[in-house]
Amino acid sequence: MKKRLQTFAIVLITAIVTYVVTTYVYFGSPMYANKLVTNPKVSKVIWLLKKYYYEPKDINDQKIVDGAIDGIAASVDDPYTEYFTKKEFDEFMIQSKGTYFGIGVIIEPGENYIEVVTPFEGSPAYKAGIKPGDKIIRVNGINLTAKDIDKAVSLMRGPKGTSVTVTILRNGSSKPIDLKIVRDEIKIKTVSSSILENNIGYIKITNFDENTPQDFYNSYDKLKSSGCRGLIIDLRFNPGGLLESVVDVASNFLKKGQLIVYLKDRYNHKEYFKSYKNGDTVTPLVVLTNKYSASASEILAGCLKDQKRAKIVGEKTFGKGVVQQVFDLGDGSAIKITKSQYLLPSGAYIHKKGIEPDVEIAQPKEYQDKMNVPMNKDLQLKKAIEILKGEISKSKF
C-alpha cells in the first residue's frame, strides 16, 4: 500500500508553509536542543563510526546529519512525519506545484518492466509516440526493471531542451524501440474529463496540486456546456494533495458556508473549512473510490457524502485522517510533521478506518490493482453510470 501511494504521489493535505529555523534543531527550547545535540552517546557513536567503519569513503558529515535527523523524525513512529533531504524536498515541491522538466509520462511497476500508464497530452513523450501499455526497458542505455521507478524518473527528468533516449517494448513489436525525446517544461495533468453515454460527465482527479482547482473548474464548465446532466468524479488511485485545493474543488458542489472539513490539533484548537461560494447543488453526482483513495480525496468523497450531495461507489478508502505541515530547514532540506487530525462534517474521524462506499463493488480480479481498465470491464464505472441514469430520469432540471 505504502509503495503504491509513493509511486503515484506524495500524500499531503495542507498548503505549503515554510519556516526558517536557527542554526540548531529546535526541540522546544534552546537548552533542550543543546543537550540533545551534545549528547555524549551521540558524539561517541559518530567517533566510533569515523574510526572503525571499514569503508571510510562512505562516511561524511552531511550523511551523518541527514541520517540523524531522519532518525529523529522516525522516532515518533508516524509514517507521515518525515525528513526530506534537499533532493527529496525538490521532488516533493514538484508534486505540490505541478510542474517539472522532463518528458511528461505517468508510469507504474509492471510484471517485469516499468509500464506506461499514459503520456500527458501534448507532452514530449506524447509527441514522440509513447503509448499506454508500452514497457520502458532502458533510459539512456541504462537497463531498468519494474523495481527501478525512482531511477527511471530521475533519468527522464533534466534541463529543458536536453534530450533523453527511452527504449521501449511494445505489444506487437518484436524488437525494442529507441525514442530520442527532447525534455520540456511539463505541467502535471491531474484532471481529465470526457462525456459518456446519456450525457453523463466524467472527471478523473489523480492528485490535488496547485493547478487542480482551476483545471477542474474548466473541465466541469466545458462538460456543462456540452449538456452534461450527471457527473462522475473518479478518485480511484488518488493519494491526496493540498488541503486548499480540495476545498476549492468541493466548493463547486455545495452551498456557500457548508462545512467541508475541520482540523483539530493537540491543543484542541479547531479550524473550519467551508464552501466559499454557491456551487452546483442540482446535478446528480457519483464519486468513485478504492483502497488507494487517500487523504485529500477522502475529504472530497467524505464531505460530499456527509452533505448528501453524492453517492460513493467502489471500495472503502485508505483511511488517512491526519494533516501535515512542512518546515523549511534553511538549507534546501525540510521536515514534514503531522500537526493535526481532520474530521468530516459529520464529525467522523476516518484515520486508519477509511470511508465506506454507499455501493460497494470490486473490479474484476485481473484489474483490481490496475489504473488502466477497459471501460467495458470497469464494473465500478458501470455501476456509477447506472445510478446516474436513474437519477437523471427522475430529475427535473
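1. Start with one strand pair. Strand 11 (residues 200-205) and strand 12 (residues 230-234) run parallel, and 5 bridges join them. Within this pair, I200 stands opposite G230 of strand 12. Keep in mind that this is a predicted model.

2. Now the sheet around that pair. It is an open sheet of 6 strands, in the order 10-11-12-15-16-19. The pairing is mixed. Which strands are the edge strands? They are strand 10 (191-195) and strand 19 (359-360), and each of them pairs on one side only.

3. Next, look at N290. Strand 15 (285-289) comes before it and helix 10 (296-306) after it; N290 sits in the loop between the two. Strand 15 is also a member of the open sheet. Is N290 buried or exposed? N290 has a relative accessible area of 3%, so it counts as buried, the cut-off being under 20%.

4. The surroundings of N290 deserve a check in the viewer. Its side chain reaches the backbone nitrogen of Y292 at 3.0 Å. Residues up to four places away in sequence are not counted in what follows. With those set aside, N290 touches R236 and F237. It also touches E315, K316, T317 and F318.

5. T81 is another loop residue to inspect. Its loop lies between helix 4 (61-74) and strand 1 (82-84). The relative accessibility of T81 is 11%, so this residue counts as buried too, again under the 20% cut-off.

6. What does the side chain of T81 reach at 3.1 Å? The partner is the backbone nitrogen of T338. The side chain of T81 also makes a polar contact of 2.7 Å with the side chain of D78. T338 appears again in the contact list of T81, which leaves aside neighbours within four places in sequence. The other entries there are A73, V76, K336 and I337.

7. Last, a surface feature. Four residues, V45, L49, Y53 and Y54, form a nonpolar patch on the surface. Together they have about 410 Å² of accessible area. One of them, L49, lies in helix 3 (residues 40-52). How accessible is L49? Its relative accessibility is 36%, so L49 counts as partly exposed, between the cut-offs of 20% and 50%.

8. To recap the loop residues and the patch. N290 is buried at 3%, and T81 is buried at 11%. L49, in the nonpolar patch, is partly exposed at 36%.

Notes:
Residues are numbered from 1 along each chain as its sequence is written. This is a predicted model: local features need pLDDT of at least 70, side-chain atom pairs count only at pLDDT 80 or more; totals for chains, interfaces and linings use all residues. Side-chain values use heavy atoms; hydrogens and water are left out. Helices (H or I, at least four residues) and strands (E, at least two) are DSSP runs, numbered from the N terminus. Buried means under 20% relative accessible area, exposed over 50%, partly exposed in between (1.4 Å probe, protein chains only). A polar contact is a pair of N or O atoms within 3.5 Å; within protein, one must be able to donate a hydrogen and the other to accept it, and residues adjacent in sequence count only if both atoms are side-chain atoms. Contact means heavy atoms within 4.5 Å. Two strands pair if DSSP finds at least two bridges between them. Patches are made of residues with over 30% relative accessible area and no salt bridge: like charges are joined within 9 Å, nonpolar side chains (Val, Leu, Ile, Met, Phe, Trp, Tyr) within 5 Å. Accessible areas come from the Shrake-Rupley method with a 1.4 Å probe; for residues, only the protein chains shown count as cover. A salt bridge is a side-chain nitrogen of Lys or Arg within 4 Å of a carboxyl oxygen of Asp or Glu.
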